[in-house]
Amino acid sequence: MPSIDIHRPHRLPLPEARAVVEKVAARMHEKFDLEGRWQGDTLHFSRPGLNGQIAVGADAIRVRAELGLLLSPLKGMIEQEIRRRLDEHFA
């Protein structure tokens with residue numbers, strides 16, 4: 001299965017970083033119909049053919065996702081959108 005693994009350092013206080021991830025997740029929900037739930041400081045998201053999480057740390061954000069066969073051709077687009085959104089807020 002294709003996977004996405006993105007690491008972004010940040011300098012925001014943890015609550016602010018978490019709020020930014022919430023905004024990114026809302027946009028990803030709109031664009032890709034992802035459902036998400038928080039477990040501690042990690043946002044777990046899923047939809048048919050895609051499972052992953054966004055871990056918010058004190059100095060970094062890490063996005064990991066596994067794509068199923070049907071979404072494999074969209075890996076580049078999904079990864080690009082995640083990177084673009086993270087860059088807007090954490091670059």
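**A tour starting at strand S1**

Select residues 3-9, strand S1: the side chains of Ile4, Ile6 and Arg8 point to one face and are buried, while those of Ser3, Asp5, His7 and Pro9 point to the other face and are not buried. Buried means under 20% relative accessible area, with exposed over 50% and partly exposed in between (1.4 Å probe, protein chains only). In a regular strand the side chains alternate between the two faces of the sheet.

This is a predicted model, in which local features need pLDDT of at least 70 and side-chain atom pairs count only at pLDDT 80 or more, while totals for chains, interfaces and linings use all residues. Residues are numbered from 1 along each chain as its sequence is written, and side-chain values use heavy atoms, leaving out hydrogens and water.

Next, add residues 60-67, strand S5, which pairs with S1 in the antiparallel sense over seven bridges. Strands count as paired if DSSP finds at least two bridges between them. To see one of these bridges, pick Ser3 and its partner in S5, Glu66.

Now show the whole chain as a cartoon. Two helices and five strands appear, in the order β-α-β-β-β-β-α along the sequence. These are DSSP runs numbered from the N terminus: helices are H or I of at least four residues, strands E of at least two.

Switch to the C-alpha trace, which spans about 35 × 25 × 20 Å along its principal axes. Finally, colour by burial: how much of the chain is buried? Buried residues are 36% of the 91 residues.
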